[in-house]
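Thanks for coming. I will talk for a few minutes about one model, and you can follow along on the screen.

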Amino acid sequence: MTPPDLPRKTPLNTRIKPDMKTKIKNIVFKAAQNAFENGVLSSDQIPEMEIEQPKHISQGDFSTNFAMVSAGIQKMAPGKIAQALISSMESMDYIEKDYIEKIEVAGPGFINFFLSNKAWHPFVEQILEQDTEFGASTMGKGEKVQVEFVSANPTGPLHVGHGRGAAVGDSVGNILSFAGFDVQKEYYINDSGRQIRTLGTSVWLRLREMEGHGISFPDDCYKGDYIKDLAEKILDKEGKNFATQDEETAIPLCARFAAQEILGGIKDDLAGFGVIFDQWFSEQSLYDSGRVQNVIDEFKAKDLIYEADGALWFRTKDFGDEKNRVVVRNNGLTTYFASDIAYHREKYERGFHRVIDVWGADHHGYIKRIDASVVASGRKSEQFEVILVQLVNLLRKGKPVQMSTRSGEFVTLKDIIDEVGKDAARFMFLSRSYDSGLDFDLDLAKQKNSDNPVYYVQYVHARITGILLKAMEQGLIEEIDFKTCENLELLTATEEIGLIKILAGFTEQVEKSAKTLHPHVIYTYLMSLASAFHGYYNKHKVITEDKELSKARLGLVLAVKKVIRNGLSLLGVTAPERM
RNA sequence: GCGCCCGUAGUCCAGUGGAUAAGACGUCAGCCUCCGAAGCUGAAAAUCGCUGGUUCGAUUCCAGCCGGGCGUACCA
């Protein structure tokens with residue numbers, strides 16, 4: 001048995017993060033070693049064990065299942081092993097003893113550790129000092145990760161579904177970045193192919209119509225009013241140049257114009273939603289640079305692509321897909337899949353070690369084939385991850401709203417932002433796991449009342465700002481923001497220690513969120529922190545006659561304010577000073 | 001048929017191997033001469049879809065079934 005060395009330094013007043021779990025783990029290892037040396041335990045084997053935080057306070061701050069998982073190895077009842085370890089710990093001499101109030105055996109053999117108040121106080125100082133950096137982690141070790149999301153075709157405005165994808169992708173990017181990854185956010189523009197051609201046709205027909213020509217408008221064209229607006233814009237800018245051209249010349253011109261206009265609108269909408277991409281990547285550029293053709297040639301040479309029925313097929317079946325997929329149709333046109341192969345290959349060539357795509361759940365059938373292309377390009381399957389965001393059901397008064405781009409009947413993301421507000425919309429989208437479908441009731445979301453959870457959390461921030469301003473007026477503090485705090489040892493109320501425990505857990509939640517790629521972990525965390533704060537606020541006054549105690553409490557609430565702000569910012573939600 | 005996601009209180013959901021299943025909405029009963037009541041306290045409400053299996057231990061993992069959503073194109 002080779003337990004890690006116990007730290008010799010006290011965590012108090014140091015800049016080192018007090019990592020309780022590691023310390024407790026070390027104590028357990030050391031105790032097991034002692035017990036073995038004294039002949040109490042029969043084996044020095046250390047099994048897979050965990051240090052966890054129990055759900056109930058009555059079960060202590062930390063607990064370990066060491067005794068239970070050791071039962072087989074030691075051939076002893078878990079309860080006896082636990083008792084032996086505790087005796088061993090009591091005879092040990094270690095610094096952390098000061099911070100551990102008691103250790104006891106409970107339930108089926110858990111060893112529960114109860115920490116003293118002063119073990120928690122240093123966190124408040126740490127938060128004040130680290131400020132916007134508190135909660136950050138080095139977990140990612142600078143690994144280059146790309147998160148690609150939204151990537152909606154520039155054939156129409158963004159709708160609610162895109163909003164959920166945007167909120168998820170942006171937050172995942174923020175969280176990974178905060179967790180120490182080197183993140184790039186990217187939008188893939190499908191500015192090539194049939195849909196763009198259809199867009200051009202739609203606009204061109206409307207243009208002809210305005211010129212007084214009789215037209216028949218095909219079913220597969222886009223019917224929304226925005227198409228007419230685009231046609232009018234063309235008239236304004238280009239006069240009659242487009243409409244008088246022959247069809248083959250005019251349609252691509254219209255397509256290009258329309259796509260650029262729409263993309264501009266998409267960028268504006270996303271900016272209004274607080275989403276800024278590091279890069280906008282054009283599908284057409286993959287054709288222009290010859291990358292699509294190159295990868296097809298290369299894969300053909302490797303017999304990964306073969307010809308049949310006049311088309312070219314990629315052997316995705318060899319990589320676990322249900323069937324092989326077409327990359328070049330028998331009419332000579334490439335499929336979307338062809339450029340996607342080139343695109344994903346290019347991502348890794350740019351140096352990303354991990355590539356994360358955020359897709360709507362209706363695209364789940366594409367995962368296997370893209371994965372196949374990634375593996376065929378010499379990357380590992382684990383380097384490609386897809387976040388599948390389940391669909392949003394838009395409701396109005398509890399009834400589903402029919403939406404389609406083609407028919408032109410939809411509620412745009414912009415509509416929602418205008419009516420609900422960016423913060424409320426983003427918070428709503430991230431309120432639950434994207435593994436579940438989301439019912440988005442417009443009438444409910446439009447309500448600017450207290451039913452909206454975003455106010456619950458933002459209110460904490462505003463409330464604390466109010467307290468700090470008042471404290472400043474009274475001369476208790478010099479600035480609304482400060483880095484150090486006196487008298488922390490005066491924080492002894494159950495609610496105060498409870499609050500600090502939640503604050504101390506922020507980093508772990510960030511890591512959990514980054515590991516699982518689930519932003520709603522942060523949402524849940526913020527709700528519990530907000531709840532704990534509101535409870536504390538109602539029970540205790542921060543500013544009291546006791547100036548020394550007040551100072552300590554001001555430090556605590558400022559720490560809460562900072563963590564709320566840091567957490568909200570990961571979700572792309574602002575933390576207002578007043579509401 | 002096959003594939004992916006989901007099935008936890010009246011409703012919406014968190015929890016993914018451990019000890020008393022968390023929260024919100026709704027319902028009921030309370031709290032503002034006092035740092036912001038967009039808040040707080042308390043109560044009632046869940047055989048964790050069903051059946052097996054793995055495990056000392058399963059809401060959590062595995063299999064089968066049932067129910068819901070979404071896919072299943074030489075569309076994107």
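I will go through the RNA surface, two helix pairs, a covered helix and two aspartates. Keep in mind throughout that this is a predicted model.

Let me begin with the RNA. Which residues come nearest to RNA strand B? There are 66 residues around that strand, and the nearest of them are Gly107, Asp309, Tyr336, Ser433 and Gly466. If we sort the surface near RNA strand B by class, we get 24 nonpolar, 30 polar and twelve charged residues. Several elements supply at least two residues each: helix H2 (66-74), strand S4 (110-115), helix H6 (194-210), H17 and H20. H20 gives the largest share of this surface, with nine residues.

Since H20 has come up, let us see what packs against it. One partner is helix H17, residues 453-473, while H20 itself covers residues 520-539. Their axes are 9 Å apart, and the packing angle is about 50°. How does that angle classify the pair? An angle of about 50° is neither under 35 degrees, nor 65 to 115, nor over 145, and H17 and H20 are therefore oblique to each other. The crossing of H17 past H20 is left-handed. On the H17 side, the contact residues are Pro453, Tyr456, Val457, Val460 and Arg463. Facing them in H20 are Leu526, Met527, Ala530, Phe533, His534 and Tyr537. By class, this contact of H17 with H20 has nine nonpolar residues, one polar and one charged.

A word on the spacing of such lists. An α-helix has 3.6 residues a turn, so residues three or four places apart point the same way.

The second partner of H20 is helix H19, residues 506-516. Here the axes come within 8 Å and cross at roughly 155°. That value is over 145, so H19 and H20 count as roughly antiparallel. H19 passes H20 in a right-handed crossing. H19 contributes Phe506, Gln509, Lys512, Ser513 and Thr516 to the contact, and H20 contributes Val521, Ile522 and Tyr525. The classes in the contact of H19 with H20 are four nonpolar, three polar and one charged.

Next, a covered helix. Helix H15, residues 422-429, has seven of its eight residues buried. Which ones are they? The buried residues in H15 are Asp423, Ala424, Ala425, Arg426, Phe427, Met428 and Phe429. They pack against helix H5 (160-178), H14, helix H16 (442-446) and H17.

Two of those neighbours, H14 and H16, bring us to the aspartates. Asp415 is in helix H14, residues 413-420. Asp415 has 14 C-beta neighbours inside 10 Å, which means it counts as partly exposed. In sequence, Asp415 and Glu52 are 363 residues apart, and their C-alpha atoms are separated by 45 Å.

Asp443 sits in helix H16. Is Asp443 buried or exposed? Asp443 counts as exposed, because it has 10 C-beta neighbours inside 10 Å and the limit for that class is 12 or fewer. Leaving out residues up to four places away in sequence, Asp443 touches Arg396 and Lys397. Lys397 is 46 residues from Asp443 along the chain, yet their C-alpha atoms are separated by 6.1 Å.

To finish, go back to H20 on the screen: H20 supplies nine residues of the surface near RNA strand B, packs with H17 at about 50° and crosses H19 at roughly 155°. That is the end of my part.

How values were computed:
Residues are numbered from 1 along each chain as its sequence is written. Chains are lettered from A and ligands numbered from 1 in the order in which they are written. This is a predicted model: local features need pLDDT of at least 70, side-chain atom pairs count only at pLDDT 80 or more; totals for chains, interfaces and linings use all residues. Axes are lines fitted to C-alpha atoms, for helices over the stretch in contact, and angles run from 0 to 180 degrees between N-to-C directions. Helices (H or I, at least four residues) and strands (E, at least two) are DSSP runs, numbered from the N terminus. A crossing is left-handed if the near helix is turned anticlockwise from the far one by less than a right angle, and right-handed if clockwise. Two residues are in contact if their C-beta atoms, placed from the backbone, lie within 7 Å. Ala, Val, Leu, Ile, Met, Phe, Trp, Tyr, Cys and Pro count as nonpolar, Asp, Glu, Lys and Arg as charged, and the others, Gly among them, as polar. A residue is buried if 20 or more other C-beta atoms lie within 10 Å of its own, exposed if 12 or fewer, and partly exposed in between; C-beta atoms are placed from the backbone. A residue is near a molecule or strand if its C-beta atom, placed from the backbone, lies within 6 Å of it.
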